[in-house]
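Got your viewer ready? Load the model and follow along, one selection at a time.

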Amino acid sequence: MGGVYIHVPFCKQACYYCDFHFSVNTTQQGELVDQIARELELQKDYLQEPVQTIYLGGGTPSLLTTSQLEKILNTVYKHFSVASLPEITLEANPDDLSVEKLTALKQSGVNRLSIGIQTFQPELLRLLNRAHSVADAHRCVEAARQAGINNLSIDLMFGLPGQTTSLLEADLATALQVNPPHISLYSLTIEEKTVFGNWARKGKLQQVNEPEAARQFELVMETLDAAGYLQYEISNYCRSGYESKHNSSYWQRKKYLGVGPSAHSFNGNTRQFNIRNNARYLQQLKQGVIPFELEVLTPENKINEYILTTLRTAAGCNLGFLLKEFGFNLLTAHPAAIQQMLAQQQITLDGGLLKLTRAGKLIADTLAAELFALEK
Ligand code: SF4
């Protein structure tokens with residue numbers, strides 16, 4: 001089974017922390033949808049397997065008109081074999097959606113919504129330069145439910161400048177009242193080429209320090225665990241059966257096609273990275289050329305990607321799979337590191353599955369890097 005990701009590179013305004021590819025100039029939106037359709041046609045042979053998931057991300061896909069969205073989905077159905085009952089997710093900002101629009105989206109096939117709420121604190125929304133209000137966030141969730149889209153995810157953040165423990169507790173309490181079946185909860189990362197990055201360089205950003213961010217992450221994990229959410233991936237929590245199938249397929253090394261400026265594709269052996277520039281993307285697609293860079297994965301790349309991504313999941317890193325698929329014996333490659341992680345209760349090793357404990361999740365990437373295969 002494969003997945004299709006569509007990148008919609010437009011936003012109403014730039015959030016101060018965001019490093020994704022987007023433009024606030026939406027005048028080319030219609031033209032870009034046409035060229036996304038063109039790219040889908042050009043890439044129709046990329047996936048040999050049926051498409052099980054379609055994910056519209058961005059940017060802000062909820063800025064698309066219903067007919068633009070239908071054009072994209074119809075093009076996927078026209079050129080690919082789509083499995084029955086695919087998961088079709090739309091990322092949305094709370095200020096874009098009414099019951100009417102959501103009802104139309106549902107009729108077009110959208111059956112999962114990922115809503116970018118980030119925080120329920122008005123002063124933090126302003127600090128992040130989000131375009132929506134707290135009231136918009138509640139209205140959007142309510143509207144989705146009225147439209148019959150119950151497979152909802154909300155995005156929240158911790159480690160925000162000025163976000164005290166009590167503000168985070170308040171956000172978690174509100175999230176539990178809203179009671180979505182899926183919550184994505186990310187720690188703020190300060191990216192260099194953002195407004196926050198600029199403020200941080202000038203010492204103007206009141207950043208949460210590392211120990212405090214770790215305490216906030218622990219609070220998130222404890223609170224959502226106590227409320228019955230399964231942390232099926234380090235930043236993703238859900239009620240049973242509401243895992244994101246699309247995102248899970250990334251962690252399971254399934255093939256996917258990414259379409260649109262800055263989108264990535266993966267076929268097991270290579271990754272393709274589309275250009276991060278709307279004008280150049282349009283220009284080249286109009287000439288029938290997809291502007292992308294290709295990375296051929298080395299055996300070590302594949303092993304290390306597998307370790308990095310699976311260690312972040314509740315399913316864990318399967319040592320038998322690593323050996324069978326890549327000929328990599330993790331236990332003999334890094335015996336001392338594994339012993340130390342076990343002694344410090346950062347990992348568990350049971351039935352050939354290596355998993356992070358709660359303490360290990362606080363430093364997941366550091367632990368994964370210690371287990372990597374070295375380039376020969
Ligand atoms: S709406 Fe999303 S993609 Fe757009 S700037 Fe904000 S965080 Fe980035």
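Start with the whole protein chain: 52% of its 376 residues are buried, meaning under 20% relative accessible area with a 1.4 Å probe, protein chains only. What you're looking at is a predicted model, where local features need pLDDT of at least 70, side-chain atom pairs count only at pLDDT 80 or more, and totals for chains, interfaces and linings use all residues. Residues are numbered from 1 along each chain as its sequence is written, and side-chain values use heavy atoms, leaving out hydrogens and water.

Now switch to a cartoon view. You'll find 16 helices and 15 strands in the protein chain; these are DSSP runs, with helices being H or I of at least four residues and strands E of at least two, numbered from the N terminus.

Show just the C-alpha trace next. Along its principal axes it spans about 55 × 50 × 45 Å.

Turn on contacts, which means heavy atoms within 4.5 Å. Of those in the protein chain with a separation of 6 or more, 69% join residues 24 or more positions apart.

Time to zoom in: select residues 165-178, which form helix H6, and pick out Asp 171 there. Which residues does Asp 171 touch, not counting those up to four places away in sequence? They are Gln 118, Thr 119, Phe 120, Gln 121 and Gln 163.

Stay on Asp 171 and select Arg 130 too. Asp 171 is buried yet has no salt bridge (a side-chain nitrogen of Lys or Arg within 4 Å of a carboxyl oxygen of Asp or Glu). Arg 130 is its nearest side chain of opposite charge, 11 Å away.

Definitions and conventions
Buried < 20%, exposed > 50% of the residue type's maximum accessible area, 1.4 Å probe, protein only. Lys, Arg positive; Asp, Glu negative; His and termini not counted.
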